[in-house]
Amino acid sequence: MKLIEKRVVLHFTGFEPLDGVAHRARYERSARQSAAVWGYSLETGAPEAGSDPLSFVVTTGGRDADKAAAGEGTGFPSWQTKSRIHMVDHDTLVTRLRGGNTLSQIMAGFRSCAEIMLEGGMRGYFRHAWRFGLFFLFPFLLTALAIALTAQIAIMPYGLGFSPWHMLWSGPLALCFFIFAFLPFSERFHTLHLFADWVMAVALGRMDRTDFNDWLEDRAAAVRNALDEEADEYVISSHSMGSSVAAHVIGILLEREPEIFRGKRVVFATLGSAILQCALLSSATQLRARVGLIARCPEISWLDVQCLTDSINFYKVPVVAISGHADAPPAKMILIRVKQMLTPEHYRKIRKDQLRVHRQYVLGPDLQASFDFTLLTSGPMPASVFADPDEKRMPG
């Protein structure tokens, strides 16, 4: 198998309050972990000045190549791979959605909840991935319970038969409970952040917000420029909500230039994908159409990486068929286990934190495992080897 010498990577990040610089720093930390585990050399370049999206070069190489270069031996197998990583983050949108006051964020969240229910999204979640359905309901049920308790505290004097004047103290007490007790407690579960996530899901499904649509057009233009660079392989990776963003952006390019990937080796890797989070809305016709364009593009190999212990993905659900394209080539499902990537002690620390488990797709490993994000995006082997559990992840 021919090793990759030069690669272009377009990584669409998940819904996190991190800009490109922060995502690059995390990538560097994760890559160092991977290099230590697998035993290869690694150099992460500085961000390129003025790059948009932020880009940097990662150079990986075999340890034996380093020895040969130092005159310590000859005849060793050697390899070197240079990957230009473009971090297509959507921190601008996250910041915008989290920019309002607490009341406005709560109202926007519940409005998105109602819209998802009315458009059949919740029904689809429970039909295809009941754990994802629970993930959808959790922040809204938690906040609704807190609102009910707040109301009970406010009207407590009335229930006890006291004079209505007593509500002059029960009302402020109820407000203090909500602000100083519930809100700090709810942040343990990232409740308001999840509210914003569902607002974005509705926006990417309906495509009825000018600011989101303009931003997608801008990202499509930036990605188009990145694809002009010559490379042995092009990896378009995405995590969580970033998979819906990636489907829109790559779909926009295919709509305009159906032959854009001709002559290129392209791997579209969706990690813990949330495409169906948006695509199951009845109004998401444009997103579903773009999923079909990607699936039918002969140059694109689609790898859908899923994890049983991650409740925030659609485990064993065929995303292409559920999006209405049963006649199109399906995405190749890659089923991974987070506990196989981490030491038992490390796994025990994170296994109850679902958002942390969900992030492991793009984080560094403790152990050699069948999936490694750094090797997928910067390793010497073609990214397609991850479709086969028996293929080697590193040169022999």
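Here are some notes on the predicted model above, going from the whole chain down to single residues.

1. Overall make-up. Helices dominate the element list by count: the chain has 17 of them, alongside eight strands. Keep in mind as you read that everything here comes from a predicted model.

2. Size. The radius of gyration is 23 Å, which agrees with the value near 21 Å that a compact globule of 396 residues would have. If you want a box to picture, the C-alpha atoms fill roughly 90 × 45 × 40 Å along the principal axes.

3. Inside and outside. Of the 396 residues in the chain, 54% are buried. The accessible surface comes to about 17,600 Å², and carbon and sulfur atoms account for 57% of that area.

4. How the chain folds back on itself. Take the contacts between residues at least 6 apart in sequence: 75% of them join residues at least 24 apart.

5. Charges. The chain carries 41 positive and 40 negative charges, and the mean positions of the two sets are 6 Å apart.

6. The antiparallel strands. Have a look at strand S3, residues 54-62, where eight of the nine residues are buried. S3 pairs with strand S2 (residues 40-44) in the antiparallel sense, over five bridges. Within that pairing, serine 41 sits opposite glycine 61 of S3. S3 also pairs with strand S4 (residues 80-88), again antiparallel, this time over eight bridges. Here serine 55 is the residue to find, as it stands opposite histidine 86 in S4.

7. The parallel strands. Further along, strand S7 covers residues 300-307, and seven of its eight residues are buried, so the rest of the structure largely encloses it. Strand S6 (residues 266-271) runs parallel to S7, and six bridges join them. S7 also pairs with strand S8 (residues 332-336), in the parallel sense and over five bridges.

8. Leucine 303 as a landmark. If you'd like one residue for finding your way around S7, try leucine 303. Alanine 269 stands opposite leucine 303, and the bridge partner of leucine 303 in S8 is lysine 332.

9. Serine 170. This residue belongs to helix H8, which spans residues 167-186. Is serine 170 buried or exposed? Its relative accessible area is 0%, so serine 170 is buried, the cut-off being under 20%. Leaving aside neighbours within four places in sequence, serine 170 is in contact with Ile153, Ala154 and Pro157.

10. Leucine 367. This one lies in a loop, the one between helix H16 (354-359) and helix H17 (373-378). With a relative accessible area of 35%, leucine 367 counts as partly exposed, because that value falls between the 20% and 50% cut-offs. Which residues does leucine 367 touch, not counting those up to four places away in sequence? They are Val37, Gln340, Met341, Leu342 and Thr343.

11. A distance to check in your viewer. Leucine 367 and leucine 287 are 80 residues apart along the chain, and their C-alpha atoms are separated by 37 Å.

Definitions and conventions:
Residues are numbered from 1 along each chain as its sequence is written. This is a predicted model: local features need pLDDT of at least 70, side-chain atom pairs count only at pLDDT 80 or more; totals for chains, interfaces and linings use all residues. Side-chain values use heavy atoms; hydrogens and water are left out. Helices (H or I, at least four residues) and strands (E, at least two) are DSSP runs, numbered from the N terminus. The radius of gyration is taken over C-alpha atoms; the globule rule is 2.2 Å times the number of residues to the power 0.38. Buried means under 20% relative accessible area, exposed over 50%, partly exposed in between (1.4 Å probe, protein chains only). Contact means heavy atoms within 4.5 Å. Accessible areas come from the Shrake-Rupley method with a 1.4 Å probe; for residues, only the protein chains shown count as cover. Lys and Arg count as positive and Asp and Glu as negative; His and the chain ends are not counted. The place of a charge is taken as NZ of Lys, CZ of Arg, CG of Asp or CD of Glu. Two strands pair if DSSP finds at least two bridges between them.
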